[in-house]
Amino acid sequence: MSQAISTKPPSGMRDFLAADVVRRRHVLSVVQRVYESFGFVPLETPTIENLSTLLGKYGPEGDQLLYRILHRRDKLQRALGGESVTELDLSDEGLRYDLTVPLARVVANYRDLPAYYKRYAIQPVWRADRPAKGRFREFYQCDVDITGTKSLVADAEVCGAVALVLRELGFADFSIHVNHRELLRALVASAGIPPEQEGLALIVLDKLDKVGPDGVKKELAEKGIALAESEAMLRTLEDARQPGALERFASSDGPFAHGARELRELLAAAANGPAAAHLVFDPTLARGLSYYTGPIFEISCAGLAGSMGGGGRYDNLIGMFMKQQVPAVGFSLGLERVLLVMEERGMFGALGIGPQVLLCRFADVPPAAAIALATQLRAQGLRVEVFADAPALGKQLGYASTIGAPFAAILGTNELAAGTVGLKNLVTGEQVTIPVGEVAARVLANG
RNA sequence: GUGGCUGUAGCUCAGUUGGUUAGAGCACCAGGUUGUGGUCCUGGGGGUCGCGGGUUCAAAUCCCGUCAGCCACCCCA
């Protein structure tokens, strides 16, 4: 008995027992059905990608969060023998960080895909992040993407798909915040902030609702951005938050016009779809992933610190894998985030797992007779577990209660000879002896 | 990356100003009830008190270090 080995899964990773698996499957089945109803086709890509595929797509912080796979054997020995060994010498493969970059690689690799490729993907991704509530190192993303078109109809469709998933799962109170990378860029530029500080400025801006205008100014000052510039930015932002601002920008000639027109077009296209009631223009929304170029999205829901999903348009990403540019837009739902809120709100009903019938036998009944009976009952459509041993009947019934089986089938030599079985309802305690052929009807009637 | 909290039985936790053999509930096993469970009663097994060092006559308790987990930020899905 060596007890030195930890039995916990690695940090940020989890085991899923039966109840967890059933809940996850339930959500995933809705996701899959809704995504397919929009005409998206499935894609699965490898767990491992080449680092050349992954690096440089997510920004410097993203690169830091990649799980890298160490070279093996001779290759590792050779790498270790070199001078001033770096991470890049020790590894050339890593775990998938999201589902969008693999999609971009696939689009570039299979040139005979449809010109308008609508694919969905439901797979785990890995990030070497610090775990927190609702944040894991291994988690599932549920992505829809449309490549090959700049039409804002595509943007509206991916928003519609995720919105319908959430609605069908029973959510009513979520919102899809939308903004546009060009609006953010123009916001920063018009305030006189140099482009190299754009990223910094946007991160601080995103916190406006939490820390307030003075907090933003203070943080920006710490990052070396002048007060006058911060104030200019906040003024413009305040202006953008007024009702009708989007329309005003769209009708103007200024640097905000194009982005605002696209958002207006997106909202108009989505107006009669499932996302319509949930889309909200949010000029403070700034998403981190560096590959977004146009509209950006993020789903927020009361009671959830982070987001349930996010996405946006990335018209330059696929071009990093091939000579021509292919425009694309996508949306990603975070399975664990959805589950977290559903569990907190008690949005799951009965699970329907485990056997409906536990087949108990007395010690003088041959095992083969029990298996023969179980086979008949399974053929009638029942979920049946055969109790492997034959201890005192009380033990077998106790086990049936423990696992929550609603019925026990009791097989003794008398029943065996008569072609009957004792069927005990473990909820009511009622027990009858009936022909084997009548078991299923009785179980299903009381199930 | 920043700040805070917690590490005691398989799980959730109690353990008083440091004091003698470290407890409870749940779970597990046995018996009450030998072809009838879940409820109830009785009993039982199970602990290097995260790890290492220090203070002390004496440490689960105090101090230092270390590791792990959780929460809030940050960031994200």
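# Strand pairing and enclosed space in a predicted model

In S15, the bridge partner of Ile410 is Gly422. This pair belongs to a predicted model, and the strands around Gly422 are described before the cavities and a pocket.

Ile410 lies within the range of strand S14, residues 407–411, which is joined to S15 by four bridges in an antiparallel arrangement. S15 is also linked to strand S16 (residues 431–435), here through five bridges, and these two strands again run antiparallel. Within that second pairing, Leu423 has Val432 of S16 as its bridge partner. S15 and S16 together form a hairpin with five residues between them, and in the turn Gly429 has a positive phi of about 85°. Strand S15, residues 420–425, is largely enclosed by the rest of the structure, because five of its six residues are buried.

A second set of pairings centres on strand S4. Strand S2 (residues 48–50) and S4 (residues 91–95) run antiparallel and are joined by three bridges. Strand S3, residues 68–70, is likewise antiparallel to S4, with three bridges between them. Glu93 of S4 takes part in both pairings: Asn50 stands opposite Glu93, and Glu93 is also the bridge partner of Ile69.

The model also contains internal space. Two cavities of 30 Å³ or more are present. The table sets out these cavities together with one pocket.

| Space | Volume | Lining by class |
|---|---|---|
| Largest cavity | about 80 Å³ | nine nonpolar, two polar, no charged residues |
| Second largest cavity | about 30 Å³ | five nonpolar, two polar, one charged residues |
| Second largest pocket | about 190 Å³ | seven nonpolar, two polar, one charged residues |

The largest cavity is lined by Asn179, Leu183, Leu184, Leu187, Thr236, Leu237, Ala240, Phe249, Phe256, Phe281 and Pro283. Helix H8 (181–190) and helix H11 (227–240) are the elements that give two or more residues to this lining.

Thr236, one of the lining residues of the largest cavity, is placed in helix H11. Is Thr236 buried or exposed? Its relative accessibility is 19%, so Thr236 counts as buried. A polar atom of the Thr236 side chain lies 2.9 Å from the backbone oxygen of Ala232. Leaving aside neighbours within four places in sequence, Thr236 is in contact with Leu187, Ser190 and Phe256. Of these partners, Leu187 and Phe256 also appear in the lining of the largest cavity.

The second largest cavity has a lining made up of Leu43, Thr45, Leu99, Pro102, Leu103, Arg119, Ala121 and Gln123. The elements contributing two or more residues to it are helix H6 (100–109) and strand S5 (117–126). Which element gives the most to the lining of the second largest cavity? That element is S5, with three residues.

S5 also borders the second largest pocket, where it gives the most to the lining, with four residues. The pocket is lined by Leu28, Gln32, Pro42, Leu43, Glu44, Tyr120, Ala121, Ile122, Gln123 and Tyr140. Helix H1 (18–37) and S5 are the elements that supply two or more of these residues. Leu43, Ala121 and Gln123 line both the second largest cavity and the second largest pocket.

Key:
Residues are numbered from 1 along each chain as its sequence is written. Chains are lettered from A and ligands numbered from 1 in the order in which they are written. This is a predicted model: local features need pLDDT of at least 70, side-chain atom pairs count only at pLDDT 80 or more; totals for chains, interfaces and linings use all residues. Side-chain values use heavy atoms; hydrogens and water are left out. Two strands pair if DSSP finds at least two bridges between them. On a 1 Å grid over the protein atoms alone, a cavity is a set of points where a 1.4 Å probe fits but cannot get out, and a pocket is an open set with protein on both sides within 12 Å along at least five of seven lines; lining residues have an atom within 4 Å of a point. Grid points are joined across faces, edges and corners, and a volume is the space filled by probe spheres set on the points. Ala, Val, Leu, Ile, Met, Phe, Trp, Tyr, Cys and Pro count as nonpolar, Asp, Glu, Lys and Arg as charged, and the others, Gly among them, as polar. Buried means under 20% relative accessible area, exposed over 50%, partly exposed in between (1.4 Å probe, protein chains only). A polar contact is a pair of N or O atoms within 3.5 Å; within protein, one must be able to donate a hydrogen and the other to accept it, and residues adjacent in sequence count only if both atoms are side-chain atoms. Contact means heavy atoms within 4.5 Å.
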